[in-house]
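Good morning, and thank you for coming. I would like to take you through one protein structure, moving from the whole chain to a few individual residues.

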Amino acid sequence: MQQVKGGDGMGVIILTDMQRMHAITVVCDEPMMQQMYQRAQNPKLCHAMLPEALLSLLPSKYELMVFGLFQGQYQVVLMSEKGDSARLRMSDAVLLMMISDIPLYIEENLMKRQSTPYDETATGIAIPINTMDEPRLQMALQHAIDEENYELASQLRDEIKRRNTPSIPTATTTTL
């Protein structure tokens with residue numbers, strides 16, 4: 001977990017594959033970063049907090065699956081062995097994984113597409129623009145323009161446009 005300098009309360013979670021060769025970044029807000037820091041620093045003090053209390057009531061085994069990306073947000077589902085499921089934010093999935101033995105999986109093609117090589121000693125980290133929310137995209141666009149980085153500005157503009165363009169339905173309809 002890292003705070004983003006000048007990120008207005010934004011943090012980044014770095015998740016690696018089992019071999020620690022590739023990583024994906026997850027942007028989250030400051031309250032979620034605080035929740036994670038609390039648990040990383042002293043998990044025993046958190047045993048009576050709401051997520052831990054609710055977790056103790058879960059009757060069956062669960063797993064978390066990251067299966068897609070839509071409008072800058074990873075799509076995650078919590079699934080039980082009984083077939084029940086619920087969607088949740090990626091940062092909540094990471095918190096749930098931290099406080100439990102619930103495994104977090106990511107669809108292989110998504111990991112290949114979104115990951116970057118992992119370097120434990122790196123001093124900076126790349127955040128893919130397709131995982132940024134729109135306000136942060138707008139801020140990054142203005143910063144790129146101010147810095148006269150027109151190539152990045154063009155990529156950011158294209159991502160904003162792509163999200164704001166209504167998609168055309170692919171299904172066809174027929175009259176019976």
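I will begin with the overall layout and then turn to one helix and three loop residues.

Please keep in mind that what you see is a predicted model. Its secondary structure consists of 6 helices and 8 strands. Following the sequence from its start, the order of these elements is β-β-β-α-α-β-β-β-α-β-α-β-α-α.

Let me turn to burial and surface. Of the 176 residues in the protein, 31% are buried. The exposed surface comes to about 11,900 Å², and 55% of that area is supplied by carbon and sulfur atoms. As for contacts, we may consider those between residues at least 6 apart in sequence: 53% of these join residues that are at least 24 apart.

Now to a single element, helix α3, which covers residues 90-99. How many of its 10 residues are buried? The count is 7, and the helix is thus mostly covered. The buried positions are M90, S91, A93, V94, L95, L96 and I99.

The next residue I wish to discuss is S115. It is found in the loop between α4, residues 108-114, and β8, residues 116-117. Is S115 buried or exposed? S115 counts as buried because its relative accessible area is 17%, and the cut-off for a buried residue is under 20%. The side chain of S115 reaches the backbone oxygen of M111 at a distance of 2.8 Å. If we set aside neighbours within four places in sequence, S115 is in contact with H22, A23 and I24. Strand β3 spans residues 22-29, which places these three contact partners of S115 within that strand.

Finally, I come to two residues with a backbone angle worth noting. Most residues other than glycine have a negative phi. R20, however, has a positive phi, near 60°. This residue lies in the loop that runs between β2, residues 10-16, and β3. R20 is partly exposed, since its relative accessible area is 42%, and that class lies between 20% and 50%.

Where does Q71 lie? It sits in the loop between β4, residues 62-70, and β5, residues 73-80. The phi of Q71 is near 50°, again a positive value in a residue other than glycine. With a relative accessible area of 34%, Q71 is partly exposed.

That concludes the walk through the model, and I thank you for your attention.

Technical notes
Residues numbered from 1 in each chain as written. Predicted model: local features only at pLDDT ≥ 70, side-chain atom pairs only at ≥ 80, totals over all residues. Heavy atoms only, no water. Buried < 20%, exposed > 50% of the residue type's maximum accessible area, 1.4 Å probe, protein only. Helix = DSSP H or I, 4+ residues; strand = E, 2+ residues; numbered from the N terminus. Contact = heavy atoms within 4.5 Å. Areas by Shrake-Rupley, 256 points an atom, 1.4 Å probe, with all protein chains shown as cover. Polar contact = N/O pair within 3.5 Å; in protein donor to acceptor, adjacent residues only side chain to side chain.
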